[in-house]
Amino acid sequence: MKRKNDIEQELDQKEFESELDRDLSTQYRKLDAWEKLHEDKNPYVIAAMNFFASLVFFEAFYFVIKLNINYITLGYTMEFFEVMDPFLHVTFFVISVMAIINKRSAVDVIIERWPF
């Protein structure tokens, strides 16, 4: 019985090591792709791309949500959105500035964390 437990432990250890190896290889591939994408590029252009990609994405997403909710409720939520508009636009602007600081677009972060 002890021999069987030792064999199972060895198999579990090998499986764990292979999973670690796979995870490291995918991380290295992602890092290599990111370096190739940003290698010899103007950092201000990349920062502007991150800023505007994040800003346009969130503004467009908010516009679609607002339009659909106002359509469904026959315009009764219009006052709610008029109050929320300045706060949300400032929030989108802050998210876009954070994309410059993090050197990563907020859209990339959302896609990376998307569960599907």
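The points below describe some local features of this structure, which is a predicted model.

1. Helices. Helix α1 covers residues 2-38. Helix α2 spans 43-72 and helix α3 spans 78-102, while α4 takes in residues 106-113. The remaining points refer to these elements by name.

2. Salt bridges. How many salt bridges does a search of the whole structure find? The count is 2. One of them joins K66 and D85, whose closest N and O atoms are 3.2 Å apart. This pair links distant parts of the chain, since K66 belongs to helix α2 and D85 to helix α3, with their positions 19 residues apart in the count along the chain. The two partners can be told apart by their exposure: K66 has a relative accessible area of 23% and is partly exposed, whereas D85 is at 16% and counts as buried. The dividing value here is 20%, under which a residue is called buried.

3. The second pair. E112 forms a salt bridge with R104, and here the closest N and O atoms are 2.4 Å apart. R104 has a relative accessible area of 31%, so it is classed as partly exposed.

4. Negative patch. Which residues gather in a patch of negative charge on the surface? They are E8, D12, E15, E19 and D23. Of these, D23 is placed in helix α1. D23 is partly exposed, because its relative accessible area is 46% and the exposed class begins over 50%.

5. Nonpolar patch. F57, F61, I65, I69, I110 and W114 make a nonpolar patch of about 540 Å² on the surface. Helix α2 supplies the largest share of this patch, with 4 residues. One member, I69, lies in helix α2 and is partly exposed, with a relative accessible area of 34%.

6. N70. Is N70 buried or exposed? Its relative accessibility is 14%, so N70 counts as buried. The residue sits in helix α2. When neighbours within four places in sequence are left aside, N70 is in contact with G75, T77, M78 and F81. Of these contacts, M78 is the residue at which α3 begins.

7. Positive phi at L74. The phi angle of L74 is near 60°, a positive value in a residue other than glycine. L74 is located in the loop between α2 and α3. Its relative accessibility is 71%, and therefore L74 counts as exposed.

8. Positive phi at K103. Where is K103 found? It is in the loop between α3 and α4. K103 also has a phi near 60°, again positive in a residue that is not glycine. With a relative accessibility of 58%, K103 counts as exposed, because the cut-off for that class is over 50%.

9. K30 and M49. K30 lies in helix α1. At 60% relative accessibility, K30 counts as exposed. How far apart are the C-alpha atoms of K30 and M49? They are separated by 20 Å, and the two residues are 19 residues apart along the chain.

Conventions
Residues are numbered from 1 along each chain as its sequence is written. This is a predicted model: local features need pLDDT of at least 70, side-chain atom pairs count only at pLDDT 80 or more; totals for chains, interfaces and linings use all residues. Side-chain values use heavy atoms; hydrogens and water are left out. Patches are made of residues with over 30% relative accessible area and no salt bridge: like charges are joined within 9 Å, nonpolar side chains (Val, Leu, Ile, Met, Phe, Trp, Tyr) within 5 Å. Accessible areas come from the Shrake-Rupley method with a 1.4 Å probe; for residues, only the protein chains shown count as cover. A salt bridge is a side-chain nitrogen of Lys or Arg within 4 Å of a carboxyl oxygen of Asp or Glu. Lys and Arg count as positive and Asp and Glu as negative; His and the chain ends are not counted. The place of a charge is taken as NZ of Lys, CZ of Arg, CG of Asp or CD of Glu. Helices (H or I, at least four residues) and strands (E, at least two) are DSSP runs, numbered from the N terminus. Buried means under 20% relative accessible area, exposed over 50%, partly exposed in between (1.4 Å probe, protein chains only). Contact means heavy atoms within 4.5 Å.
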